[in-house]
Amino acid sequence: MTQSVAVVLVSGGLDSMVSAARAREDGHRLLALSIDYNQRHQVELAAARRIATMLGAERHVVLPLDLRAFGGSALTADIDVPKEGVGDDIPVTYVPARNTIFLSLALGWAEAAGARDLYIGVNALDYSGYPDCRPEFIAEFEKLAEVATKAGVEGTPFSIRAPLQAMTKADIVREAARLGLDAGMSWSCYDPAPGGLHCGLCDSCRLRAKGFEEAGLPDPTDYAIKP
């Protein structure tokens, strides 16, 4: 029986690494997609390349898409990355409509490649409050894919897989360990410190460190300042 193929979004972060590994565990051949959106740093794309290779992706596309042309985020404009801790409001590190844009690109590749499964590493428990990480968004995008594509209209719809959706960051850390992944290959920091270190103070660093601590597993991350 021929293995099905899945398009997996690989940002270089821990969540996307675990999500892509789950796609492999589910029996899919992998087409890995990373977006070079001219974000604040390129180190996460280097991590994405390592992860795609490690997972044995048949192809890894790093697609250039300059979202700095739009701005509106601390990751795509000259806005300071907050370092005060995770708050209740949607932070300035939110990139406008990023997951909608990324999933749309993944959907285009999936239809062209004959894939029907798309994997994205969003989760809605320990996260920074981004609206495009919620289950409602994933469900609605799946409906959109059904009516927006030739494949969907002709009766072979797409499944948007978000295997980490209901996991805490600690759950994700444990899942990485269960899958035998080297979490140290991933990159989470929004504002890298000199020497290739995670800053330790941005929301993403704080959530990452919290996940390892709560999971009771050693954190392989090199931080400039320990969260």
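**Exercise 1. Place Ala74 in the predicted model and describe its surroundings.**

Step 1. Ala74 sits in the loop between β3 and α3. Helices (H or I, at least four residues) and strands (E, at least two) are DSSP runs, numbered from the N terminus. This is a predicted model: local features need pLDDT of at least 70, side-chain atom pairs count only at pLDDT 80 or more, and totals for chains, interfaces and linings use all residues. Residues are numbered from 1 along each chain as its sequence is written, and side-chain values use heavy atoms, with hydrogens and water left out.

Step 2. Check exposure. Ala74 is buried, with a relative accessible area of 0%. Buried means under 20% relative accessible area, exposed over 50%, and partly exposed in between (1.4 Å probe, protein chains only).

Step 3. List the contacts (heavy atoms within 4.5 Å). Neighbours within four places in sequence are left aside; Ala74 then touches Arg40, Ile79, Asp80, Val81, Val92 and Thr93.

Step 4. Gauge a distance. Val18 is 56 residues from Ala74 along the chain, and their C-alpha atoms are 25 Å apart.

**Exercise 2. Work out how β2 is paired and covered.**

Step 1. Start with burial. Of the 8 residues of β2, 6 are buried, so the strand is mostly covered.

Step 2. Find the pairing with β1. Two strands pair if DSSP finds at least two bridges between them. β1 and β2 run parallel over 5 bridges. Leu9 has Leu33 of β2 as its bridge partner.

Step 3. Follow the chain from β1 through α1 to β2: this β-α-β crossover is right-handed. That term applies if, with the strands pointing away from the viewer, the path from the first strand over the helix to the second runs clockwise.

Step 4. Turn to β3 (residues 59–64). It is parallel to β2, and 6 bridges join the two strands. Leu33 has Val61 as its bridge partner in β3. Ala32 stands opposite His60.

Step 5. Name the second unit. β2, α2 and β3 form a right-handed β-α-β unit.

**Exercise 3. Find the aromatic pairs and classify two of them.**

Step 1. Set the rule. Rings of Phe, Tyr and Trp (its six-membered ring) pair if their centres lie within 6.5 Å; planes under 30 degrees apart count as stacked, over 60 as edge-to-face and the rest as tilted. The whole structure holds 3 such pairs.

Step 2. Take Tyr37 and Phe102. Their ring centres are 5.6 Å apart and their planes are at 55°, so the pair is tilted.

Step 3. Locate both rings. Tyr37 belongs to the loop between β2 (29–36) and α2 (43–54), and Phe102 to helix α3 (residues 98–113), so the pair ties together parts that are 65 residues apart in sequence. Tyr37 is buried at 3% relative accessible area. Phe102 is buried too, at 11%.

Step 4. Take Phe137 and Phe141. The centres are 6.2 Å apart and the planes are at 50°, so this pair is also tilted. The two residues are 4 apart in helix α4 (residues 135–148), separated by about one helical turn. An α-helix has 3.6 residues a turn, so residues three or four places apart point the same way. Phe137 is buried at 14%, and Phe141 at 4%.

**Exercise 4. Describe the nonpolar cores.**

Step 1. Define the set. A nonpolar core consists of buried Ala, Val, Leu, Ile, Met, Phe, Trp, Tyr and Cys residues joined through side-chain atoms within 4.5 Å.

Step 2. Take the largest. It has 42 residues, and those with the most contacts inside it are Val7, Leu33, Leu103, Leu118, Ile120 and Ile138. β1 (5–9), β2, α3, α4 and α7 (203–215) each give two or more residues. α3 gives the most, with 6 residues.

Step 3. Look around Val7. Beyond its neighbours within four places in sequence, its contacts include Leu31, Leu33, Trp109 and Leu118.

Step 4. Locate the other core. Apart from the largest lies one of 27 residues, among them Ala23, Ala32, Leu179 and Leu181.

**Exercise 5. Summarise the whole fold.**

Step 1. Count elements. The protein has 7 helices and 5 strands. Along the sequence they read β-α-β-α-β-α-β-α-α-β-α-α.

Step 2. Check burial. Buried residues are 50% of the 227 residues.
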